Amino acid sequence: MKARRNKKQIPSFRKLIKTSKVKLENKLKNKQFKQQSTLKKYRKEQRKLRQAVKDAVSKKPIPLENPKEKRPGKRIEREEEEEAALPLDMMDEDDLQLMKDLGQRASFLTRDLSSSEPVHAKKRKHEHIIDKYEKIPRTLQTAPEKELIHLLPIKDKSGIIPQTREKPVTDSNKDEEDQEEERELEEEITEDPIQELTIEEHLIERKKKLQEKKMHIAALASAILSDPESNIKKLKELRSMLMEQDPDVAVTVRKLVIVSLMELFKDITPSYKIRPLTEAEKSTKTRKETQKLREFEEGLVSQYKFYLENLEQMVKDWKQRKLKKSNVVSLKAYKGLAEVAVKSLCELLVALPHFNFHNNIIVLIVPLMNDVSKSISEMCCEAVKKLFKQDKLGQASLGVIKVISGFVKGRNYEVRPEMLKTFLCLRIKEVEVKKDTEDINKPKKFMTFKEKRKSLSRMQRKWKKAEEKLERELREAEASESAEKKLKLHTETLNIVFVTYFRILKKAQRSPLLPAVLEGLAKFAHLINVEFFDDLLVVLHTLIESGDLSYQESLHCVQTAFHILSGQGDVLNIDPMKFYTHLYKTLFKLHAGATNEGVEIVLQCLDVMLTKRRKQVSQQRALAFIKRLCTLALHVLPNSSIGILATTRILMHTFPKTDLLLDSESQGSGVFLPELDEPEYCNAQNTALWELHALRRHYHPIVQRFAAHLIAGAPSEGSGALKPELSRRSAAELFEAYSMAEMTFNPPVESSNPKIKGKVLQGDSFLNEDLNQLIKRYSSEVATELPLDFTKYLKTSLH
C-alpha cells in the first residue's frame, strides 16, 4: 500500500523565521510581566513587615531605671570611644581580626533594647541620634553642665572619631572690661559720621553708574547679535537686569533693557514658528550642528516667554498700583515703565506675527486699546492698524478680530470708538459669497490610480503622472500661500466683523460706536450677503428717521445704503428714493466752517448715488442736484467749492441734457421751487445756474477756473477746457489737494492793488468840511447831566 501523503504543507524558511520572532517577543513580554508581578509582591510583603516591626516597637514598654545611679549605657559608650580612640596600627593582624569577629557576634545582652534595628546592621551616616536620646529617661540636674567646644573630627581605619574640648571658664570682671573696651571702640568709630554727597556729586555718581550699565548692556547685546547660537545664554543675563536694584538708576536701566531686548528679539528671531520637540526626536542621535540649533531654538523660546511675562507683570503692577517690597521703583515711575513695556509689546505684535506667543501678545494689547490713558490707547490702536495693513494672508488679522469682538461684547459695547475704527484698515477685497455651494472654488484634485486605470491608457497614465509631478514642484517653487486659504481666512474675518456691527445696530443704536459701525458698513457693504440687504436697508432708514443721529452719522447711513445697492444689490429691484430725498434735503446743513466736516462723505455719496447709478437716475433728479450743489458752492471754503464744482462737472458729462441749466430760458411748465425737499418735483429745469457767474469772481483762482469751465459747458477740448492736473483728478482728491488745514491758500491768492495811485489821504481828510465843523462844535461843548423825564413824552403820546 502506498504511504499516506501528509497533506500539511511544510512551512517555508521565511515563515519559520517570522514565527519564531513573534514567539520570542511574546516570551520576553511574559517574562517581563512575571518579573514585575514578583517585584510588586516582594515590595508589598516588605512594606507589611516594616509596618509590623514599627507597631511592635511602639507597643513595647520602656524599662525604668534609677535616675540617681550611674547609667551603664554611658560607661559603655565611653569605653567604646576609648577603644576606638586607640591606635589600631599597634595591634597585630590576628588580634584585629578577632575583635572584628567578636563585634559581629554581638549577644542579646549587649544589644540596645530600645532600638528596633537588627543586630548586625551597619551604622548609617545619618543616624537618628535625637530619637535615641529622647528614649533614655531624664535625670535630675544636680551640677551645672560643662560647656563643650566641638573640634574637627579625626578619621582612621575604624571610621570618624568626634573630638570635643571643655570651654575654659573666664572671670566676669575680665568680661566686663572687654565689653567696656569694645563700647569705647564703637563710640570712636561712630564719632566719624558718613559724609553726605551734595546734589551735584550725587548726579555725577549717578551718571557714572548709568554709563557703566549702558556699556554692559551694549556689550551683551553686541555679543548676542554677533553669534546668537553660541551666546544665547547671555540673553538670560541681559534679562536679569530687568530686576535692577540700585534706586539711582533702576528705572532708566530697566527701560533700556526692555528696548534692547525688544530689538534683539526682532533681529535674531527666525522667520518660522518653533515647535516643541517630541520624545522620539529628543531620543534620536543628531549631528552637532542640529543639536546646537535645537539648543538655540529652545533657549530663544524660553527667554522670549519670560521676557513677555516680565512686560505683562510691569503693566499689571501699574494698573493695580501695587508697590513692591523692595521700594526700588516709586509709584510715579510705574507709568513710565508700563508705557515702555506697552510700546515694546506693540512693536513685537507688528514685527513678529509668525512667531510663538503672538496670540498671547494680542490678548495683552486688545484690552489696552480701551485704556483710560489716551497715549497708551492710541499706541495700541496704531499698532493694530499697522498689523492689519501689512497682513496679506489674514491669519494674524483673524486672531486680533476675534479678541476685539469678544472684548466689545463682554464690555456690553461700552468701549472707545477707535477700537472699531481699526476694522477699516483690514485688507479684505473678496470673500466666498456662497461658501456652502460645492460649485464655487472647488480645489483642484489629482486623479486616483483607479480613476486613471479606468479612463486612461498606459501611455496617458505615464504622461499624467509626469504632469502632476511637475505641477507639484511648481507649487513648491512659488512658495506662496494658496488663494483658497486666503479667501477662507478673509471670509471668516469678515463674518466676525459683520456680527459685531449687526449686534451694535440691534442692541446699542444710541452708542457712540454707531459712527464707526456705519463707516465700516459703508466700506464692506458690497461684501455682505444678499439675504441681509432688505433688513439692513430698513434699519438704516429707521435710524435716519429717528432723528437721533448727527449729520455725519446720517451721511454714513446714506453711503452704506448705496454701497449695498451698487455691489451685489444691482440685481434687486429696490428704489431708494427716500435716501435721495434725505441727502437733497440735508445738503445745506453741511458745515461751512474751518472743520469742513462731512464734505468728503458728501462727495463720496454723490459719486455712488448719481454717477455709478446713472441708469437708475432720472433727468429731473440730476438737474435738481446740480442746481443745489452750485448754490452750496457759494457758502463753503475754497477746497470744498472745488470738490463740489468737480462733482458738478462729472454730472454734466454723465447727463448731457443737463446743459439746459446754462440757458436762461425756461423749459416746460411750472416754476422752480428751491424750498421743496423732493428733487423729482421741484421743477429744476426752469432755473439757471446764475451762481457760476458769482463764482467766476471768486478770490480763489482754481474756483474761478472751474466756474468759467462750467459756464462754457464743461468742454473736454478747446480754450475752455481744464488742464490735465485738474480734469484727471477725482473730486475727493481735489478736495484734499487744495485743503486749507495749514491756514494757507493753495495756490497763493494775489492781493488786489488799486490801478490809480493818487495822493494818500489820512485821518479826517476823508470827511466833508461841514461834517468836520459839526463834529468839532459838538466835541467842544461841555456835557451837562440833566435829569431824564420820560413821563412828559408819555403824556404827549397819549394826547
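1. A first detail to look at in this predicted model is the pair formed by K612 and D607, whose side chains make a salt bridge with the closest N and O atoms 4.0 Å apart. The two partners differ in how they are covered, since K612 counts as exposed at 57% relative accessibility, whereas D607, at 31%, counts as partly exposed.

2. The side chains of E680 and R621 also meet in a salt bridge, here with a distance of 2.7 Å from N to O. E680 belongs to the loop between α25 (638–654) and α26 (691–695), while R621 is part of helix α24 (residues 619–632), so the pair ties together parts of the protein that are 59 residues apart in sequence. Buried means under 20% relative accessible area, and on that basis E680 is buried with a value of 18%, as is R621 with a value of 6%. Elsewhere, E263, K266 and E347 are joined into one network by salt bridges that share partners.

3. A further salt bridge links K316 to E312, with 3.5 Å between the closest N and O atoms. Both residues sit in helix α10, and because they are four residues apart there, about one helical turn separates them. K316 is partly exposed, its relative accessibility being 39%, and E312 is likewise partly exposed, with a relative accessible area of 27%. For the structure as a whole, the number of salt bridges comes to 11.

4. Which residues of α8 meet α10? On the α8 side they are I258, L261, M262, F265 and I268, and on the α10 side their counterparts are F296, L300, Q303, Y304, Y307, L311 and M314. Sorted by class, the contact of α8 with α10 consists of 11 nonpolar residues and one polar residue, with no charged residues. As for the geometry, helix α8 (residues 250–268) and helix α10 (residues 288–320) pack at an angle of about 145 degrees, their axes lying 12 Å apart, and the crossing of the two is left-handed.

5. Helix α25, which precedes the loop that holds E680, has 17 residues and reaches 24 Å from its first C-alpha to its last, which is close to the 24 Å expected at 1.5 Å a residue. Is α25 mostly covered or mostly open along its length? The helix is mostly covered, given that 15 of its 17 residues are buried.

6. Another residue that a new reader may wish to find is E382, which lies in helix α13 (residues 374–390) and counts as partly exposed at 49% relative accessibility. Computed along the chain, E382 and M369 are 13 residues apart, and in space their C-alpha atoms are 9.3 Å apart.

7. To place these details in the whole, the secondary structure of the protein comes to 31 helices and two strands. The protein has 799 residues, of which 31% count as buried. Among the contacts with a separation of 6 or more, 69% are accounted for by residues that are 24 or more positions apart.

Key: Residues are numbered from 1 along each chain as its sequence is written. This is a predicted model: local features need pLDDT of at least 70, side-chain atom pairs count only at pLDDT 80 or more; totals for chains, interfaces and linings use all residues. Side-chain values use heavy atoms; hydrogens and water are left out. Axes are lines fitted to C-alpha atoms, for helices over the stretch in contact, and angles run from 0 to 180 degrees between N-to-C directions. A crossing is left-handed if the near helix is turned anticlockwise from the far one by less than a right angle, and right-handed if clockwise. Contact means heavy atoms within 4.5 Å. Ala, Val, Leu, Ile, Met, Phe, Trp, Tyr, Cys and Pro count as nonpolar, Asp, Glu, Lys and Arg as charged, and the others, Gly among them, as polar. Buried means under 20% relative accessible area, exposed over 50%, partly exposed in between (1.4 Å probe, protein chains only). The expected span of a helix is 1.5 Å times one less than its number of residues.
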